[in-house]
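Student: Can you walk me through this model? Keep it quick.

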Amino acid sequence: MTRQHPGGQPATSRLSALVRALVGGLVMACALGIGTAAGSAAAERVGLTGATARLVPAVLVSALAVVPITLAVRRRGASLKALGLGGAGAGLRAFLTGVGVTAASAVLVLGAGTAGGLLRWSHPDPVLLAGFLVTNAVIALLLEALPEETTLRGYAWTALPERFCGTASALGTTAVFLLVPGASTVAYAATARLIRAEPAPIGIVPPGQDAASYLILLPPLRAHPRRGPDGGRPGPPLGRHPGVSS
């Protein structure tokens, strides 16, 4: 009997499932590298600074990641609900759950540190603080959360369970996740060279990151595959990204 994947289409071979998962990782790596390099260069050339300059590459990364995956899913005749992009109401509730969990964790940790005398607080400007948090949350959502949830926990994760068990799918998704940072540095370097922007070194992690720390912390912080092939919505992870990045 032919197995069905979440979109209702006949399952294909293991090789096809692996290829699709790798395609998800490749799209994310290219979007991150190209979008960051081109977006940063464009912002600099038009004289943008501060949050606006950071927003340009974030928007470009999201566009380069979400649009190709959406087209690929539509071409296969599958539903975008398989990626967790359907149902605004349920998605919003899941997103707020992620934000709430992250905020509660932050309050507990910071509260304990303050009570124990490990932290001291100045008198921050509420308006500046709110602006900082909102800006960082939006940029984190566009630069990391939405692209990753679409390409990796969405496209890659829904491909693997067609032919692999849950454990193998989770490990495979995490492995693809770990390949993305290094591949993105190649895309960044190539793009920077094409547009004659400032080059960046190629490595297994983004420039300025310690390789060991980055790769050790990446899986538990980012690579959280869903429980089943039809998964849940990506709302909680989407909500967690802005909170962690802020």
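Tutor: We can take the overall fold, then the helices, cores, salt bridges and surface.

Student: Ground rules before that?

Tutor: This is a predicted model, where local features need pLDDT of at least 70, side-chain atom pairs count only at pLDDT 80 or more, and totals for chains, interfaces and linings use all residues. Residues are numbered from 1 along each chain as its sequence is written, and side-chain values use heavy atoms, with hydrogens and water left out.

Student: How many helices and strands are there?

Tutor: Seven helices and zero strands. Both kinds are DSSP runs numbered from the N terminus: helices are H or I with at least four residues, strands are E with at least two. From the N terminus on, the order is α-α-α-α-α-α-α.

Student: What share of the residues is buried?

Tutor: 36% of the 246 residues. Buried means under 20% relative accessible area, exposed means over 50%, and partly exposed is in between (1.4 Å probe, protein chains only).

Student: And the total accessible surface?

Tutor: About 13,500 Å², with 68% belonging to carbon and sulfur atoms. Areas come from the Shrake-Rupley method with a 1.4 Å probe; for residues, only the protein chains shown count as cover.

Student: What about long-range contacts?

Tutor: Take contacts between residues at least 6 apart in sequence: 76% of them join residues at least 24 apart. Contact here is heavy atoms within 4.5 Å. One long-range pair is Thr173 and Gly25, 148 residues apart in sequence and 8.8 Å apart in space, C-alpha to C-alpha. Thr173 is in helix α5 and is buried, at 1% relative accessibility.

Student: Zoom in on α2. How far does it reach?

Tutor: Helix α2 covers residues 50-75, 26 residues, and spans 39 Å from its first C-alpha to its last. That is close to the 38 Å expected at 1.5 Å a residue. The expected span is 1.5 Å times one less than the number of residues.

Student: Which of its residues are buried, and what covers them?

Tutor: The buried residues of α2 include Ala53, Val61, Ala65, Ile69 and Val73. The cover includes α1 (14-45) and α4 (126-159).

Student: What comes after α2?

Tutor: Gly77, with a positive phi near 80 degrees.

Student: Is there a positive phi in a residue other than glycine, and where? I mean, which residue is it?

Tutor: Arg196, with phi near 60 degrees. Arg196 sits in the loop between α5 (166-194) and α6 (211-222). At 78% relative accessibility, Arg196 is exposed.

Student: Cores next. Which residues make the largest nonpolar one?

Tutor: Seven: Val27, Ile69, Val73, Ala78, Leu80, Leu83 and Tyr155. Apart from it lies another core of six residues, among them Met28, Leu152, Phe177 and Val180. A nonpolar core is a set of buried Ala, Val, Leu, Ile, Met, Phe, Trp, Tyr and Cys residues joined through side-chain atoms within 4.5 Å.

Student: What is Tyr155 in contact with?

Tutor: Leaving aside neighbours within four places in sequence, the contacts of Tyr155 include Arg20, Ile69, Val73, Arg76 and Leu83.

Student: How many salt bridges?

Tutor: Two. The rule is a side-chain nitrogen of Lys or Arg within 4 Å of a carboxyl oxygen of Asp or Glu. In one of them, Glu162 pairs with Arg20, with the closest N and O atoms 2.7 Å apart. Glu162 is in the loop between α4 and α5 and Arg20 is in helix α1, so the pair ties together parts 142 residues apart in sequence.

Student: Are those two buried or exposed?

Tutor: Buried. Glu162 has a relative accessible area of 3%, and Arg20 has 10%.

Student: And the other bridge?

Tutor: Arg153 and Glu149, at 1.9 Å, N to O. They are four residues apart in helix α4, so about one helical turn separates them. Both Arg153 and Glu149 are buried.

Student: Last one. Which residues make the nonpolar surface patch?

Tutor: Leu55, Val59, Val134 and Val138, about 300 Å² in area. Helices α2 and α4 each supply at least two of the patch residues. Patches take residues with over 30% relative accessible area and no salt bridge; like charges are joined within 9 Å, nonpolar side chains (Val, Leu, Ile, Met, Phe, Trp, Tyr) within 5 Å. Leu55 is in α2 and is partly exposed, at 33%.
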